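Visitor: Please give me a close look at a single part of this structure. I would like to know what packs around it, and how that part fits into the rest.

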Amino acid sequence: MLEQDIERIFFSAEEIDKRLEEMAGEINRDYAGKELMLISVLRGSFVFMADLTRKITLPCTVDFLAVSSYGKGTTSSGQVQITKDLSDDIEGKDILVVEDILDSGNTLSYLMKLLRARHPASIRLCTLLDKPERRVVPVEVDYVGFTIPDEFVVGYGLDYAEKYRNLPYIGILKPSVYQHA
């Protein structure tokens, strides 16, 4: 049923899995000998973080942070709101922020500034998708799954109006689905 709204598949489940294996290898090398805390930016990154975490071989913990800047639209409003804060203190810890998509940079720039103020030992950013042509605010990214053009994508945790997160691949949503909403 959801598949009928997909214009085309951008990355298959197999392509995503292969790239996550590579990213986990980089993370394992970079954090060798350390304990890592992964912070998932909800809701979009929960699928990505779950799969990535299973591929990381280091001792690690997880926590969750929810922010909103999209509402039900297809572009960031620019207004960042924290809707769920972390459960654990991050002071002195090695932090990896795990995000689904880096778009305008507004949300992640704000979030990284907020988290740095909490004095972690280190903080890096990992994003499944990077959409550089939409960048308004510069954001330093340490791990990128895929760089994509300015297309509206869903699946593998990414949504439109809270739907399509459960697709096992990343696809381009047909404009007819969201242009009349």
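**A helix and its cover**

Guide: Among the elements that cover the buried residues of helix H2 are H1, S2, strand S3 (60-68), S5 and S6. Helices (H or I, at least four residues) and strands (E, at least two) are DSSP runs, numbered from the N terminus. The model is predicted, with local features needing pLDDT of at least 70 and side-chain atom pairs pLDDT 80 or more, while totals for chains, interfaces and linings use all residues. Residues are numbered from 1 along each chain as its sequence is written, and side-chain values use heavy atoms, leaving out hydrogens and water.

The buried residues of H2 are Val-47, Phe-48, Met-49, Leu-52 and Lys-55. Buried means under 20% relative accessible area, exposed over 50%, and partly exposed in between (1.4 Å probe, protein chains only). Just ahead of the helix, in the loop between S2 and H2, lies Arg-43. The peptide bond from Leu-42 to Arg-43 is cis, with omega near 5°.

Next comes the partner helix. The axes of H1 and H2 come within 9 Å and cross at roughly 55°. That angle makes H1 oblique to H2. Axes are lines fitted to C-alpha atoms, for helices over the stretch in contact, and angles run from 0 to 180 degrees between N-to-C directions. Under 35 degrees counts as roughly parallel, over 145 as roughly antiparallel, 65 to 115 as roughly perpendicular, and the rest as oblique. H1 passes H2 in a right-handed crossing; the near helix is then turned clockwise from the far one by less than a right angle, and anticlockwise would be left-handed. On the H1 side, the contact (heavy atoms within 4.5 Å) is made by Asp-17, Leu-20, Glu-21, Met-23, Ala-24, Ile-27 and Asn-28. On the H2 side, Phe-48, Asp-51, Leu-52 and Lys-55 take part.

Phe-48 also leads to the nonpolar core. In the largest such core, which has 30 residues, Phe-48, Leu-96, Leu-129, Val-153 and Ile-170 touch the most other members. A nonpolar core is a set of buried Ala, Val, Leu, Ile, Met, Phe, Trp, Tyr and Cys residues joined through side-chain atoms within 4.5 Å. Elements that each supply at least two residues of this core include helix H1 (13-30), strand S2 (36-42), helix H2 (46-55), strand S5 (94-102) and S6. H1 gives the most, with 5 residues. A second, separate core of 17 residues includes Met-37, Ile-39, Leu-115 and Ile-123. In soluble globular proteins, nonpolar side chains tend to be buried together.

Strand S6 (residues 122-130) is part of the cover and holds Leu-125. Leu-125 counts as buried because its relative accessibility is 0%. Leaving aside residues up to four places away in sequence, Leu-125 touches several others, including Leu-96, Val-97 and Glu-99. Leu-125 and Val-98 are 27 residues apart in sequence, yet 6.3 Å apart in space, C-alpha to C-alpha.

Last, the cysteines. A disulfide is a pair of cysteine sulfur atoms within 2.5 Å, and the count comes to 0 disulfides. Cys-60 is in none, as the nearest cysteine sulfur, that of Cys-126, is 12 Å away. Cys-126 is buried, at 0% relative accessibility, whereas Cys-60 is partly exposed, at 27%.
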